[in-house]
Every structure is written in structure tokens, then in C-alpha cells.
Amino acid sequence: MRGILASGTVVLVILGIGNHLWWLAAVALLYLYATHGRGSPGTPPAGPAGPPLPDSYRAYRERRDRQAKWERRYRRERPFEARRQAREKSR
């Protein structure tokens, strides 16, 4: 992300040699990154952050049991694929 931001800013600055609106676009890009970007406090990170924390142990246990049920079903319905994945995992 920082590489894209840096290269975009450099391009806008180079374009801004002849037109000052490009300078303003570069400043706006840096401002948006500083306020809404990666390192700003209080904003969640972009992209999938994973599953939310469970509200209680019961919710965690239900989710864990549901996942185990799906994994057992997958192994039952696709035995060859499950064995292949187990072999690759053990390597």
C-alpha cells in the first residue's frame, strides 16, 4: 500500500510541474491516507479481519462444533481429498 501511495504521489508531483491542480491532488491523496489509511488510530484495518470475537464461551463452542461437523462431513464425502490434504499437512 505504501509503495502504491508513494508512486502515485510522485506521479502527481511530476504532473504538477505544469499544473498546480496535480499538486493539490497529491496533497489530497496524502491527507486521505493519513486520516483513513493504515496507521491511523481508531480505524479498523482494511480487508477481512477474520471472525469477530465470541460474545460468550457458548457461542465459541457452538461455532467450534459446527466447524468440526463440517470437517467430518467433508472427510466422509471426499475421502481421497482428505487423505491427500492430511499427507501434505504432515510434510
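This passage describes the fold, confidence, surface and side-chain pairings of a predicted protein model.

The protein chain is helical. It holds 4 helices and 0 strands. Read along the sequence, the pattern is α-α-α-α. The chain has 91 residues, and buried residues account for 10% of them. The accessible surface amounts to about 8200 Å². Carbon and sulfur atoms contribute 62% of that surface. Contacts were also sorted by separation along the chain. Among those between residues at least 6 apart in sequence, 22% join residues at least 24 apart.

Confidence varies along the model. The mean pLDDT of the protein chain is 79. A value of 70 or more is reached by 78% of the residues. Helix 3 has the highest confidence, with a mean of 93. Helix 1 has the lowest, with a mean of 74. Where pLDDT is low, predicted coordinates should not be read in detail.

Helix 1 spans residues 2-15, and helix 2 spans residues 20-36. Thr 9 is found in helix 1. Its relative accessible area is 13%, so Thr 9 counts as buried, the limit being under 20%. Neighbours within four places in sequence can be set aside. Thr 9 is then in contact with Ala 26, Leu 29 and Leu 30. A further distance can be given for Thr 9. Its C-alpha atom and that of Trp 22 are separated by 9.5 Å. Along the chain, these two residues are 13 residues apart.

A nonpolar patch lies on the surface. Its members are Val 10, Ile 14 and Ile 17. Together they have about 320 Å² of accessible area. Ile 17 sits in the loop between helix 1 and helix 2. The relative accessible area of Ile 17 is 67%, so this residue counts as exposed, the limit being over 50%.

The structure contains 1 aromatic pair. The pair is formed by Tyr 57 and Tyr 60, with ring centres 5.6 Å apart. The ring planes of Tyr 57 and Tyr 60 meet at 40 degrees, so the pair is tilted. Both residues belong to helix 3, which covers residues 57-77. Tyr 57 and Tyr 60 are 3 residues apart, about one turn of the helix. Tyr 57 is exposed, at 51% relative accessibility. Tyr 60 is partly exposed, at 35%.

Charged side chains form a further set of pairings. Side chains of opposite charge can pair when their charged atoms come close. The count comes to 5 salt bridges. Arg 73, Glu 77 and Arg 78 are linked in a network of such bridges. Within this network, Arg 78 pairs with Glu 77. The closest N and O atoms of Arg 78 and Glu 77 are 3.6 Å apart, and the cut-off is 4 Å, so the pair counts as a salt bridge. Arg 78 is partly exposed, with a relative accessible area of 41%. Glu 77 is also partly exposed, at 44% relative accessibility.

Other salt bridges lie in helix 4, which covers residues 79-90. Glu 81 forms a salt bridge with Arg 84. The closest N and O atoms of Glu 81 and Arg 84 are 2.4 Å apart. Glu 81 and Arg 84 are 3 residues apart in helix 4, so about one helical turn separates them. Arg 84 also forms a salt bridge with Glu 88, at 2.6 Å from N to O. Arg 84 and Glu 88 are 4 residues apart in helix 4, so they too are separated by about one helical turn. Each of these side chains has some exposure. Glu 81 is partly exposed, at 27% relative accessibility. Arg 84 is partly exposed, with a relative accessible area of 31%. Glu 88 is partly exposed, with a relative accessible area of 45%.

Notes. Residues numbered from 1 in each chain as written. Predicted model: local features only at pLDDT ≥ 70, side-chain atom pairs only at ≥ 80, totals over all residues. Heavy atoms only, no water. Salt bridge = Lys/Arg side-chain N within 4 Å of Asp/Glu carboxyl O. Buried < 20%, exposed > 50% of the residue type's maximum accessible area, 1.4 Å probe, protein only. Helix = DSSP H or I, 4+ residues; strand = E, 2+ residues; numbered from the N terminus. Patch = residues over 30% accessible without salt bridge, like charges linked within 9 Å, V, L, I, M, F, W, Y side chains within 5 Å. Areas by Shrake-Rupley, 256 points an atom, 1.4 Å probe, with all protein chains shown as cover. Phe/Tyr/Trp six-rings, centres within 6.5 Å; stacked < 30°, edge-to-face > 60°. Contact = heavy atoms within 4.5 Å. pLDDT = per-residue confidence, 0-100.
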